[in-house]
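I opened this notebook page to look up how the strands are arranged, where a few chosen residues sit, and how the cysteines are placed. My entries follow in the order in which I looked.

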Amino acid sequence: MMLFLSVVMMQVVFANGQAVTQQKRGVEFEKTEHDYGQIKRKSDGTCKFKFKNVDTLPVVISNVKASCGCTTPIWPKGPIAPGDSAVVEVGYNTKFIGPFTKTITVSTSASQTIILTIKGEVLKK
């Protein structure tokens, strides 16, 4: 009976450890949404999304795609070591007046897809 309980306990511990490892795979962003609020036309539309590699292996941001041409992402092209942080920088073209909501899709070598969102309203003056 004790042997059976020991085996069951080991399986539970192993399963819990495995679940934690799966939850910490890839990168983790500090925030996934940036609200510019109301901003002036032709002002600086740049924001940064900081992330950390929470994996045990290096992670590469394999692709970053904006939902439209008025949004320009810049991201690190090389591997990010475990525990290191980096930034995805997003530029929004503020010459377009009115409210906006745009998405940026981030893909990683850890088979992750993360959606970042920017929103706000560009004023006439």
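Before reading any residue as standing opposite another, I noted the rule that two strands pair if DSSP finds at least two bridges between them. I also kept in mind that this is a predicted model.

**Entry 1, pairing around β8.** With that rule I turned to H34, and found that H34 stands opposite I118 in β8. The two strands concerned are β2, residues 33–40, and β8, residues 113–123, which run parallel and are joined by six bridges. I then looked up β7, residues 98–108, which pairs with β8 in the antiparallel sense over 10 bridges. Within this second pairing I checked S107, whose bridge partner in β8 is T113. The connection between β7 and β8 is a hairpin with four residues between the strands, and in the turn I noted S111 for its positive phi of about 60 degrees.

**Entry 2, the sheet.** In which order do the strands of the open sheet lie? I read the order as β2-β8-β7-β4, an open sheet of four strands with mixed pairing. The edges are held by β2 and β4 (61–66), each with a single partner strand, so one side of each is left without a neighbour in the sheet. I also looked up the turn between neighbouring strands of this sheet, which is 15 degrees on average with direction ignored.

**Entry 3, the protein overall.** I found one helix and eight strands in the protein, and along the sequence they follow the pattern α-β-β-β-β-β-β-β-β. Of the 125 residues, 32% count as buried. Among the contacts with a separation of 6 or more, 64% come from residues 24 or more positions apart. The exposed area is about 8000 Å², of which carbon and sulfur atoms supply 57%.

**Entry 4, T71.** Is T71 buried or exposed? I located T71 in strand β5, residues 71–74, and its relative accessible area is 4%, which means that T71 is buried, the limit being under 20%. Not counting residues up to four places away in sequence, T71 touches A66, V90, G91, Y92, K102, I104 and I118. I118 had already come up in my first entry, as the residue that H34 stands opposite.

**Entry 5, A81.** I next looked up A81, which has its place in the loop between β5 and β6 (85–92). At 32% relative accessibility A81 counts as partly exposed. Leaving aside its neighbours within four places in sequence, I found A81 in contact with N53 and P58. For V60 I noted a C-alpha to C-alpha distance of 9.0 Å from A81, with their positions 21 residues apart in sequence.

**Entry 6, cysteines.** How many disulfides does the count give? The count comes to one disulfide, and it joins C68 to C70 with an S to S distance of 2.4 Å. I looked up the torsion about this S-S bond, which is about -50 degrees, so the disulfide is left-handed. For the accessibility of the two partners I noted that C68 counts as partly exposed at 24%, whereas C70 counts as buried at 13%. I also checked C47, which is buried with a relative accessible area of 3%.

Methods: Residues are numbered from 1 along each chain as its sequence is written. This is a predicted model: local features need pLDDT of at least 70, side-chain atom pairs count only at pLDDT 80 or more; totals for chains, interfaces and linings use all residues. Side-chain values use heavy atoms; hydrogens and water are left out. Buried means under 20% relative accessible area, exposed over 50%, partly exposed in between (1.4 Å probe, protein chains only). Contact means heavy atoms within 4.5 Å. Accessible areas come from the Shrake-Rupley method with a 1.4 Å probe; for residues, only the protein chains shown count as cover. Axes are lines fitted to C-alpha atoms, for helices over the stretch in contact, and angles run from 0 to 180 degrees between N-to-C directions. A disulfide is a pair of cysteine sulfur atoms within 2.5 Å.
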